[in-house]
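Here are some short exercises to work through with the sequence and the 3D view side by side. Try each task on your own before you read its solution.

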Amino acid sequence: MGFVAARGLAPQTAAVWPYDTYHDLRWLYVYHDSWPSFVFWLSLLVVARGLFHTLLVVLAWPGEVPRSSVRWLLRRNLGLAALVAVFVAPWALISVAASVVALSWVLLASLMPMFLLAPFLQRAAVVTPWWRGLPSISLVGWSLLNFVVLTMAGALCWSLPGWWTVPVATVAGVVNGLLWNRTVRCALGRVS
């Protein structure tokens, strides 16, 4: 379709929270055309993220650990999708404003809360109570690695010509799947 600006977003589709919602909201802030459409697409985005993350958590759940019911995971992830959208919305808005005026340091500063939130939110998708205690160092490391993967894959998608974006986004999706597996294991306390 010739819309090159969106190519870098493809690897972020299956990213762990909050990176995916951050980029979804940036996209929505720029490309909505009215307040009713914004509310509609935001609602759809929250429900879609909640459903998608439930699926990813179920697929990433380690076989040796008894899994919570799908109904509980669905309720948890739908609620968490709304909570993440609220937490991330101001930072995504700041990043859109910063990109309009080309203040890259503000854009980078808007990512700092994502680094801080990521390990907590990844734990929130699978365990309760998620707010007690600090996340493990391995969960923090996997969260940061996911950010690095997203950044590199997005840069590659933007810089490669034509259909080369598809295999790069596919590889990034596979890596995101592996990272989901690791973050769910770490969140459950099953580091491997």
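**Exercise 1.** In which helix is the place of F120? Then decide whether F120 counts as buried, partly exposed or exposed.

*Solution.* Keep in mind that you are looking at a predicted model.
- Step 1: Find F120 along the chain; its place is in helix α4.
- Step 2: Take its relative accessibility, which is 25%.
- Step 3: Compare that with the cut-offs: buried means under 20%, and exposed means over 50%. F120 falls in between, so it counts as partly exposed.
- Step 4: Now look across to A155, 35 residues away along the chain. The C-alpha atoms of F120 and A155 are separated by 27 Å.

**Exercise 2.** Is L108 buried or exposed?

*Solution.*
- Step 1: Locate L108, which lies in helix α4.
- Step 2: Its relative accessible area is 54%. Exposed means over 50%, so L108 is exposed.
- Step 3: For a sense of distance, go to N181, which is 73 residues from L108 in sequence. From C-alpha to C-alpha, L108 and N181 are 27 Å apart.

**Exercise 3.** Describe the fold: how many helices and how many strands does the protein have?

*Solution.*
- Step 1: Count the elements: there are six helices and zero strands.
- Step 2: Write them in sequence order, and you get α-α-α-α-α-α.
- Step 3: Check the overall dimensions. The C-alpha trace spans about 45 × 35 × 30 Å along its principal axes.
- Step 4: Test for compactness. A compact globule of 192 residues would have a radius of gyration near 16 Å; the protein has 16 Å, so the two agree.

**Exercise 4.** Which residues touch the most other members of the largest nonpolar core?

*Solution.*
- Step 1: Start with a general idea: in soluble globular proteins, nonpolar side chains tend to be buried together.
- Step 2: In this model, the largest nonpolar core has 38 residues, and Y19 and V126 touch the most other members.
- Step 3: See who contributes: α1 (19–31), α2 (35–60), α3 (70–100), α4 (104–124), α5 (137–159) and α6 (165–187) each supply at least two residues. The most come from α3, with nine residues.
- Step 4: Zoom in on V126. Leaving aside residues up to four places away in sequence, V126 touches V57, W61, W72, V184, A187 and L188.

**Exercise 5.** What share of the 192 residues is buried?

*Solution.*
- Step 1: Buried residues make up 42% of the protein.
- Step 2: Turn to the outside: the accessible surface comes to about 10,200 Å², and 76% of it belongs to carbon and sulfur atoms.

Terms used. Residues numbered from 1 in each chain as written. Predicted model: local features only at pLDDT ≥ 70, side-chain atom pairs only at ≥ 80, totals over all residues. Heavy atoms only, no water. Core = buried A, V, L, I, M, F, W, Y, C linked by side-chain atoms within 4.5 Å. Buried < 20%, exposed > 50% of the residue type's maximum accessible area, 1.4 Å probe, protein only. Helix = DSSP H or I, 4+ residues; strand = E, 2+ residues; numbered from the N terminus. Contact = heavy atoms within 4.5 Å. Rg over C-alpha atoms; globule rule 2.2 N^0.38 Å. Areas by Shrake-Rupley, 256 points an atom, 1.4 Å probe, with all protein chains shown as cover.
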